[in-house]
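User: I have a structure open and want to check how some of the terms applied to it are justified. Please set each value against its cut-off.

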Amino acid sequence: MTTFRIAVRLRAPDPAARTARLALSRVMPAECPAILSRYDLWEFDVESGGLEVVEAILGRYPDILNPNKQESLVLGGEPLPGEDASMTWVSVEISDRDSGSSAGWSSVIGRAGFPVAEVRCKVLWILGYPGSATTGEVLEKAGAVAVSVTRSRGLLSNPVSQTARIFIPERPGSEGSPGK
């Protein structure tokens with residue numbers, strides 16, 4: 001079985017990411033990233049076949065990828081569009097604890113005959129911090145903004161119903177660092 005991770009983003013500026021960054025700059029200016037991007041993250045556990053299976057799914061279901069307004073990227077370690085090498089990048093993956101959406105998509109795609117064991121729907125936030133900050137500093141700042149703990153601390157996930165995984169993404173020539 002092979003897992004393919006597909007990030008889907010709007011072609012136009014994402015209003016949710018712009019709103020989140022504006023809120024963070026007002027409420028948590030010291031922890032606010034310089035750049036904040038948001039992607040829908042789809043993980044497909046493919047039982048047989050390769051990327052062509054995922055491409056067929058994306059072509060069939062515009063609810064996953066609407067080619068008129070969205071674009072997809074296969075995650076595999078390369079920098080994402082807009083990632084400046086002079087900055088330190090942190091990824092925050094948000095998953096619902098009980099994802100009816102993931103279970104529903106797994107069922108729909110399985111009934112359609114695709115050789116997919118499971119589909120997981122998540123949100124991927126990419127936070128860019130100035131390159132002068134240490135890895136420990138950016139992970140601490142990302143952790144502070146990622147999980148809501150009060151009305152003025154955290155924003156990107158709700159710890160009651162979601163989990164957040166915070167990490168420095170692995171890139172060619174760098175070492176990845178798992179977070180919380």
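**Salt bridges, burial and pairing**

Analyst: In this predicted model, a salt bridge joins the side chains of Glu-118 and Arg-120, with 3.3 Å from N to O.

User: Why is the contact between Glu-118 and Arg-120 called a salt bridge?

Analyst: The N to O distance is 3.3 Å, and the cut-off is within 4 Å for a Lys or Arg nitrogen and an Asp or Glu carboxyl oxygen. The pair therefore qualifies as a salt bridge. Glu-118 and Arg-120 also belong to a network of salt bridges that includes Arg-5, Glu-43, Asp-45, Glu-93, Lys-122 and Arg-165.

User: Is Glu-118 buried, partly exposed or exposed, and what makes it so?

Analyst: Its relative accessible area is 36%. Buried needs under 20% and exposed needs over 50%, so Glu-118 is partly exposed.

User: How many salt bridges are there in the whole structure, and which residue does Asp-14 meet in one?

Analyst: The search finds 13. Asp-14 meets Arg-38, at 3.0 Å from N to O. That distance is within 4 Å, so the term salt bridge applies. Arg-38 lies in strand E2 (residues 35–46), while Asp-14 lies in the loop between strand E1 (2–10) and H1; the two are 24 residues apart, and the pair links distant parts of the chain. The side chain of Arg-38 also forms a salt bridge with that of Asp-40, at 3.3 Å.

User: Why are Asp-14 and Asp-40 put in separate burial classes?

Analyst: Asp-14 has 12% relative accessibility, which is under 20%, so Asp-14 counts as buried. Asp-40 has 26%, which falls between the 20% and 50% limits, so Asp-40 is partly exposed.

User: What makes E4 and E5 paired strands?

Analyst: Pairing requires at least two bridges. E4 and E5 have eight, in the antiparallel sense, so they count as paired. One position to look at is Ser-91, which stands opposite Ile-126 in E5. E2 and E5 also pair in the antiparallel sense, over twelve bridges, so the requirement is met there too. In that pairing, Ile-126 is the bridge partner of Ser-37.

User: How do you know that E5 is mostly covered?

Analyst: Eleven of the 15 residues in E5 are buried.

User: Thr-88 is in strand E4. Is Thr-88 buried or exposed, and how do you know?

Analyst: The relative accessible area of Thr-88 is 16%. The limit for buried is under 20%, so Thr-88 is buried. Beyond its sequence neighbours, Thr-88 is in contact with residues including Leu-127, Tyr-129, Val-138 and Ile-168.

User: Which elements supply the largest nonpolar core?

Analyst: The core has 22 residues. Helix H1 (15–27), E4, strand E5 (116–130), helix H4 (135–146) and strand E6 (162–168) each supply at least two of them. H4 gives the largest share, six residues. Apart from this core lies another, of 19 residues, among them Val-8, Val-53, Ile-57 and Tyr-61.

User: Why is Gly-154 called buried when it sits in a loop?

Analyst: Gly-154 is in the loop between H4 and E6, but the class depends on accessibility. At 10%, which is under 20%, Gly-154 counts as buried. Gly-154 touches residues including Met-28, Ala-144 and Val-145. Gly-154 and Glu-31 are 9.6 Å apart, C-alpha to C-alpha, with their positions 123 residues apart in sequence.

Definitions and conventions
Residues are numbered from 1 along each chain as its sequence is written. This is a predicted model: local features need pLDDT of at least 70, side-chain atom pairs count only at pLDDT 80 or more; totals for chains, interfaces and linings use all residues. Side-chain values use heavy atoms; hydrogens and water are left out. Helices (H or I, at least four residues) and strands (E, at least two) are DSSP runs, numbered from the N terminus. Buried means under 20% relative accessible area, exposed over 50%, partly exposed in between (1.4 Å probe, protein chains only). Contact means heavy atoms within 4.5 Å. A nonpolar core is a set of buried Ala, Val, Leu, Ile, Met, Phe, Trp, Tyr and Cys residues joined through side-chain atoms within 4.5 Å. Lists of a residue's contacts leave out its neighbours within four places in sequence.
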